[in-house]
Amino acid sequence: YKDIHLALFWEVQEFDLSKYEGKTIKYHIYRVKNHPVDLTTELAESTELYLGVIDGEYIGGYSIPYKKGETFLGGFSSIEGKSLEELTGLTYPEWFQKWSETYE
């Protein structure tokens, strides 16, 4: 979780990630329709849910809008479709600064 590219998973979690240090996360990916994420993004066909599993236990996940052939339709949201700001009250730069101070 110390790599910022991998840390994007953590930005929309509502728990302390330190207890998972050194663990490997396996992702189970599902596409669903009528999720809050694809309902707010008119370009999306559906939403991809990434469920994180460590040692056989679901620990959290994130969602992103999906459309076949498109690379990026929006940012990461919680499984329920909440944004970073809704979950933490922080903007992305504020969250990144706090994350960097803690984990880099």
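**Reading a predicted chain, step by step**

Visitor: Where should I begin with contacts: what percentage of those between residues at least 6 apart in sequence join residues at least 24 apart?

Guide: A contact means heavy atoms within 4.5 Å. In this chain, 45% of the contacts between residues at least 6 apart in sequence join residues at least 24 apart. Please keep in mind that this is a predicted model, in which local features need pLDDT of at least 70 and side-chain atom pairs count only at pLDDT 80 or more, while totals for chains, interfaces and linings use all residues. Residues are numbered from 1 along each chain as its sequence is written, and side-chain values use heavy atoms, with hydrogens and water left out.

Visitor: Thank you. Which elements does the chain have, and how do they run from the N terminus on?

Guide: Helices (H or I, at least four residues) and strands (E, at least two) are DSSP runs, numbered from the N terminus. Here you will find four helices and three strands, in the order α-β-α-β-β-α-α. With a radius of gyration of 14 Å over C-alpha atoms, close to the 13 Å that the globule rule (2.2 Å times the number of residues to the power 0.38) gives for 104 residues, the chain is as compact as a globular protein of that length. Its C-alpha atoms fill a box of roughly 35 × 30 × 20 Å along the principal axes.

Visitor: How many of the 104 residues, as a percentage, are buried?

Guide: Buried means under 20% relative accessible area, exposed over 50%, and partly exposed in between (1.4 Å probe, protein chains only). Buried residues make up 38% of the 104 in this chain.

Visitor: Which residues have the most contacts inside the largest nonpolar core?

Guide: In soluble globular proteins, nonpolar side chains tend to be buried together. A nonpolar core is a set of buried Ala, Val, Leu, Ile, Met, Phe, Trp, Tyr and Cys residues joined through side-chain atoms within 4.5 Å. The largest one here has 15 residues, and Phe-9, Trp-10, Tyr-20, Ile-59 and Tyr-62 have the most contacts inside it. Strands E2 (46-54) and E3 (57-66), together with helices H3 (84-88) and H4 (92-103), are the elements that give two or more residues to this core. Leaving out residues up to four places away in sequence, Phe-9 touches seven partners that you can look up in the model, including Ile-25, Tyr-27, Ile-59 and Tyr-62.

Visitor: Which residues does Ser-63 meet, beyond its neighbours in sequence?

Guide: Ser-63 sits in strand E3 and is buried, at 0% relative accessibility. Outside the four places on either side, its contacts include His-35, Val-37, Thr-47, Leu-49, Phe-76, Ile-79 and Gly-81. Gly-81, in the loop between E3 and H3, is partly exposed at 23%. Besides Ser-63, Gly-81 touches His-35, Val-37 and Glu-86, again not counting residues up to four places away. Its C-alpha atom is 7.9 Å from that of Tyr-62, 19 residues apart along the chain.

Visitor: Is Arg-31 buried or exposed?

Guide: Arg-31, in strand E1, is exposed, with a relative accessible area of 52%. Its contacts more than four places away are Ser-46, Thr-47, Glu-48 and Tyr-66. From Arg-31 to Ser-63 the C-alpha distance is 9.5 Å, although they are 32 residues apart in sequence. For comparison, try Leu-51 in strand E2, which is partly exposed at 22%. The C-alpha atoms of Leu-51 and Ser-63 are separated by 8.7 Å, and among the residues that Leu-51 touches are Lys-26, Tyr-27, Tyr-58 and Ile-79.

Visitor: Where does Asn-34 lie, the residue with a positive phi of about 65 degrees?

Guide: Most residues other than glycine have a negative phi. Asn-34 has a positive phi of about 65 degrees although it is not a glycine, and it lies in the loop between strand E1 (26-32) and helix H2 (36-39). Asn-34 is exposed, at 60%. Another case is Asp-55, with a positive phi of about 50 degrees, in the loop between E2 and E3. Asp-55 also counts as exposed, at 66%.

Visitor: Finally, how many positive and negative side chains are there?

Guide: Lys and Arg count as positive and Asp and Glu as negative, while His and the chain ends are not counted; each charge is placed at NZ of Lys, CZ of Arg, CG of Asp or CD of Glu. The chain has 10 positive and 18 negative side chains, and the centres of the two sets lie 7 Å apart.
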